[in-house]
Amino acid sequence: EEDMFTQRSLRLKALDAVVSWLHRRPSVAKVTVLLVPFVFVAQLLVLAVVFALPVSVSVPLLLVVAAVVEETAKTVGIYAGFAASVFERTTKNAVVLGALSGVGFFVGEKAAHVAQVVGLDRLEVGRAALGFASDASPVVVAALLVAPLVLHVTTTSIASVGARYGKREYGVALTLAVAVHVAYNLAVVSIVA
C-alpha cells in the first residue's frame with residue numbers, strides 16, 4: 001500500500017510488485033509461471049486484432065508480438081531481481097535464473113495449451129500461435145514439444161545475462177533474445193505449414 005502512494009514511476013512500482021514475489025532463485029520460475037496466463041491473453045488479443053488481415057501479414061506480426069511478449073514475461077522477474085539486488089549479479093547466476101525461468105515458462109505454457117481443445121489449431125493463424133498442427137507427424141510433434149524448452153531456456157538466459165548489467169544492457173539482450181525467438185517461430189511455422 002505504501003508503494004502505491006509514492007512518487008515513483010509506474011514502471012518502478014511494477015518492478016517492486018514483481019520483486020515482492022522473489023526470495024530465492026526458484027521463485028523466478030514461480031513468477032514466470034504466474035505470468036503465463038497474461039502472456040496468453042496478450043497473444044489472443046493480438047490474434048483477435050490481426051485475424052482480419054491477410055495471412056501474409058497476420059502470421060509474421062503474430063510471431064513477432066508473441067516473441068516480444070514471451071521474452072518480456074520470462075525475464076521481467078530476473079531483471080527486477082537484479083535491479084533490487086535480490087540476486088547476485090554474476091553471469092553464472094544469470095544463466096541459472098534464465099534456465100529456471102525458461103523451464104517455468106515451458107511448464108506453464110504446456111499446461112495452458114488446453115486452448116487446442118476449442119479448435120484453434122484448425123486455423124492457420126491459430127497454428128502459428130500454438131506452435132503445431134494436429135495433422136503433423138509424431139516425430140515433428142515430439143520435436144516441437146521439446147524444442148520450446150531449449151528455446152525458452154536459451155533466450156531467457158541471453159536476456160538475463162544482459163539484465164545483470166543494467167537497464168540498457170537488458171534492453172539490448174532482450175532484443176537479441178526476441179530475434180532468436182522470432183527466427184525459431186518462423187522456422188517452426190515453415191516446418192509445420
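A surface patch, as the term is used here, consists of residues with over 30% relative accessible area and no salt bridge, nonpolar side chains being joined within 5 Å. In this predicted model, L53, V57 and L61 make a nonpolar surface patch of about 220 Å². The protein has 7 helices and 0 strands, and the points below proceed from its overall make-up to helix packing, a buried threonine, a salt bridge and the patch itself.

**Overall make-up**
- From the N terminus on, the order of elements is α-α-α-α-α-α-α.
- The protein comprises 193 residues, of which 41% count as buried.
- The exposed area of the protein is about 10200 Å², and carbon and sulfur atoms supply 71% of this area.
- Among contacts with a separation of 6 or more, 73% are accounted for by residues 24 or more positions apart.

**Packing of α1 against α3**
- Helix α1 spans residues 10–19, and helix α3 spans residues 55–83.
- The axes of α1 and α3 come within 9 Å of each other and cross at roughly 95°.
- Because angles of 65 to 115 degrees count as roughly perpendicular, α1 and α3 are therefore assigned to that class.
- On the α1 side, the residues that meet α3 are R11, L15, V18 and V19; their counterparts in α3 are V76, G77, Y79, A80 and G81.

**T32 in helix α2**
- T32 belongs to helix α2, which covers residues 26–50.
- T32 counts as buried because its relative accessibility is 2%, and the cut-off for burial is under 20%.
- Beyond its neighbours within four places in sequence, T32 is in contact with A73, K74, S101, G104 and F105.

**The K74–E71 salt bridge**
- A search of the whole structure finds 1 salt bridge.
- K74 forms a salt bridge with E71, and their closest N and O atoms are 2.8 Å apart.
- Both partners lie in helix α3, where K74 and E71 are 3 residues apart, or about one turn of the helix.
- K74 and E71 are both buried.
- K74 is also one of the residues in contact with T32.

**The nonpolar patch**
- V57, which contributes to the patch together with L53 and L61, is found in helix α3.
- V57 has a relative accessible area of 42% and is therefore partly exposed, since that class lies between the limits of 20% and 50%.
- The value of 42% for V57 also satisfies the requirement of over 30% for patch residues.

Methods. Residues are numbered from 1 along each chain as its sequence is written. This is a predicted model: local features need pLDDT of at least 70, side-chain atom pairs count only at pLDDT 80 or more; totals for chains, interfaces and linings use all residues. Side-chain values use heavy atoms; hydrogens and water are left out. Patches are made of residues with over 30% relative accessible area and no salt bridge: like charges are joined within 9 Å, nonpolar side chains (Val, Leu, Ile, Met, Phe, Trp, Tyr) within 5 Å. Accessible areas come from the Shrake-Rupley method with a 1.4 Å probe; for residues, only the protein chains shown count as cover. A salt bridge is a side-chain nitrogen of Lys or Arg within 4 Å of a carboxyl oxygen of Asp or Glu. Helices (H or I, at least four residues) and strands (E, at least two) are DSSP runs, numbered from the N terminus. Buried means under 20% relative accessible area, exposed over 50%, partly exposed in between (1.4 Å probe, protein chains only). Contact means heavy atoms within 4.5 Å. Axes are lines fitted to C-alpha atoms, for helices over the stretch in contact, and angles run from 0 to 180 degrees between N-to-C directions. Angles under 35 degrees count as roughly parallel, over 145 as roughly antiparallel, 65 to 115 as roughly perpendicular and the rest as oblique.
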